[in-house]
Amino acid sequence: MAETKLSEPQKIIADITLMNNCFMNKVFADDVASTQLLLRIILNNDKINVKTVNTQQFIQNLYGHSAQLDILATDENGRRFNVEIQRDDEGAQVKRARYYSSVLDVHFLDAGEKYDKLNDVYVIFITEHDVLHRNYPIYNVERTIKEDGTSFADGSKIVYVNASCRSDTPLGRLMQDFNCANPDKMHYKELANRVSFFKKTKEGEKTMTDIIELYAAKRAKEAAKKAEKKGMYASRLEFAKDLLNEGESIERTVRLSKLSEAEVRELASKLTA
């Protein structure tokens, strides 16, 4: 039987994974069970009981830089958990983690409240690559007193999860699921069920329009860049050809046309053939 050819939107939906932050936002939106699973595995704490989950939470700073959080969850103890997906290493800078932690503190401490009312805050980056370059699957970052190494215990915690580590551990299997496009091959049923809803049901597919449009726009932009680059390259070839026909040296043609020496020598050999 001949394989059914997928349309472009169907290909986008079929190939997308939880490492795409737009898709992850859909999967975890208002889903306490999936978010609780995610936090329990990453923080190695089965006692976390999530009460609320918001995705794409915008926190406005009237006096400076605002922040839009991928996932913001709160547990029964009032602790707040911000989870960010980062495929670009630049987006997972350590000072961004510091800033997000401070934004959450400022946003959730009301005027007149004492500082001891601040709840613990976790800022978690799930990164496509090992951005801290120490080859660990996870990095737990907390302030310590330098002189004796004991915890400063201010309630601020930063975690980096290296999604390229996909070992046979609870965290490794979770990262396998984050990089898996097929829900039938995922380990955790909570995630598999949510991903399957968006990929395999008509109701779920209808909500994917914005992601499809975003991908289409991105691909159109990439295609335009390729066409522009191709056009520039063709112009450089014609310019180099004119220079060589006028008797310019290989070295000067390379410098003026901005082509490589190998490209100019190949062109020169064709002209003299």
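This is a short walk through one protein chain, from its overall shape to its cores and a few single residues. The model is predicted.

Let me start with the whole chain. The protein chain has 10 helices and six strands. Its radius of gyration is 26 Å, while the globule rule gives 19 Å for 273 residues, so the chain is more spread out than a compact globule. Along the principal axes, the C-alpha atoms fill a box of roughly 80 × 65 × 40 Å.

Next, burial and surface. Of the 273 residues, 37% are buried. The exposed area of the protein chain is about 16900 Å², and carbon and sulfur atoms supply 50% of that. On charge, the chain carries 41 positive and 42 negative charges, and their mean positions are 2 Å apart. As for contacts, take those between residues at least 6 apart in sequence: 55% of them join residues at least 24 apart.

Now the interior. In soluble globular proteins, nonpolar side chains tend to be buried together. Here the largest nonpolar core has 43 residues. The residues with the most contacts inside this core are Leu 18, Ile 42, Ile 124, Ile 126, Leu 174 and Phe 178. Which helix gives the most to this core? Helix α3, residues 32-42, does, with five residues. Apart from this core lies another, of 17 residues, and among them are Leu 69, Ala 92, Val 121 and Leu 132.

Leu 18 is worth a look on its own. Leaving aside neighbours within four places in sequence, its contacts include Phe 23, Met 24, Val 27 and Phe 28. Further along the chain, Leu 18 is also in contact with Ile 85, with Asp 177 and Phe 178, and with Met 186, Leu 191 and Val 195.

From there I go to helix α6, residues 189-200, where Lys 199 is found. Is Lys 199 buried or exposed? Its relative accessible area is 10%, and the cut-off for buried is under 20%, so Lys 199 counts as buried. Not counting residues up to four places away in sequence, Lys 199 touches Ile 13, Ala 14, Asp 15, Ile 16 and Phe 23, and also Ala 181, Pro 183 and Glu 205. For one of these, Ala 181, the C-alpha separation from Lys 199 is 9.4 Å, with the two positions 18 residues apart along the chain.

Gly 204 is in helix α7, residues 202-206. Gly 204 is buried, at 0% relative accessibility. With residues up to four places away left out, Gly 204 touches Phe 197 and Phe 198. Now set Gly 204 against Ile 250: the two are 46 residues apart along the chain, and their C-alpha atoms are separated by 60 Å.

Ile 250 begins helix α9, residues 250-257, and Thr 253 lies in that helix. Thr 253 is buried, with a relative accessible area of 0%. Which residues is Thr 253 in contact with, leaving aside neighbours within four places in sequence? They are Ala 240, Leu 243, Leu 244, Glu 248, Lys 258 and Val 264.

Back towards the N terminus, Ile 48 sits in the loop between α3 and β1, where β1 covers 50-59. Although in a loop, Ile 48 is buried, at 1% relative accessibility. Outside four places in sequence, Ile 48 touches Gln 36, Leu 39, Arg 40 and Leu 43, along with Asp 75, Arg 79 and Phe 81. Its C-alpha atom is separated by 9.7 Å from that of Thr 74, which is 26 residues away along the chain.

Ser 7 is in the segment before α1. Ser 7 counts as partly exposed, at 32% relative accessibility. Between Ser 7 and Thr 209 there are 14 Å from C-alpha to C-alpha, with the two 202 residues apart in sequence.

Last, some backbone geometry. Most residues other than glycine have a negative phi. Asp 30 is not a glycine, yet it has a positive phi of about 60°. Asp 30 lies in the loop between α2 and α3, and at 64% relative accessibility it counts as exposed. Ala 153 also has a positive phi, of about 55°. Ala 153 lies in the loop between β5 and β6, and it counts as exposed at 63% relative accessibility.

Conventions
Residues are numbered from 1 along each chain as its sequence is written. This is a predicted model: local features need pLDDT of at least 70, side-chain atom pairs count only at pLDDT 80 or more; totals for chains, interfaces and linings use all residues. Side-chain values use heavy atoms; hydrogens and water are left out. A nonpolar core is a set of buried Ala, Val, Leu, Ile, Met, Phe, Trp, Tyr and Cys residues joined through side-chain atoms within 4.5 Å. Buried means under 20% relative accessible area, exposed over 50%, partly exposed in between (1.4 Å probe, protein chains only). Helices (H or I, at least four residues) and strands (E, at least two) are DSSP runs, numbered from the N terminus. Contact means heavy atoms within 4.5 Å. The radius of gyration is taken over C-alpha atoms; the globule rule is 2.2 Å times the number of residues to the power 0.38. Accessible areas come from the Shrake-Rupley method with a 1.4 Å probe; for residues, only the protein chains shown count as cover. Lys and Arg count as positive and Asp and Glu as negative; His and the chain ends are not counted. The place of a charge is taken as NZ of Lys, CZ of Arg, CG of Asp or CD of Glu.
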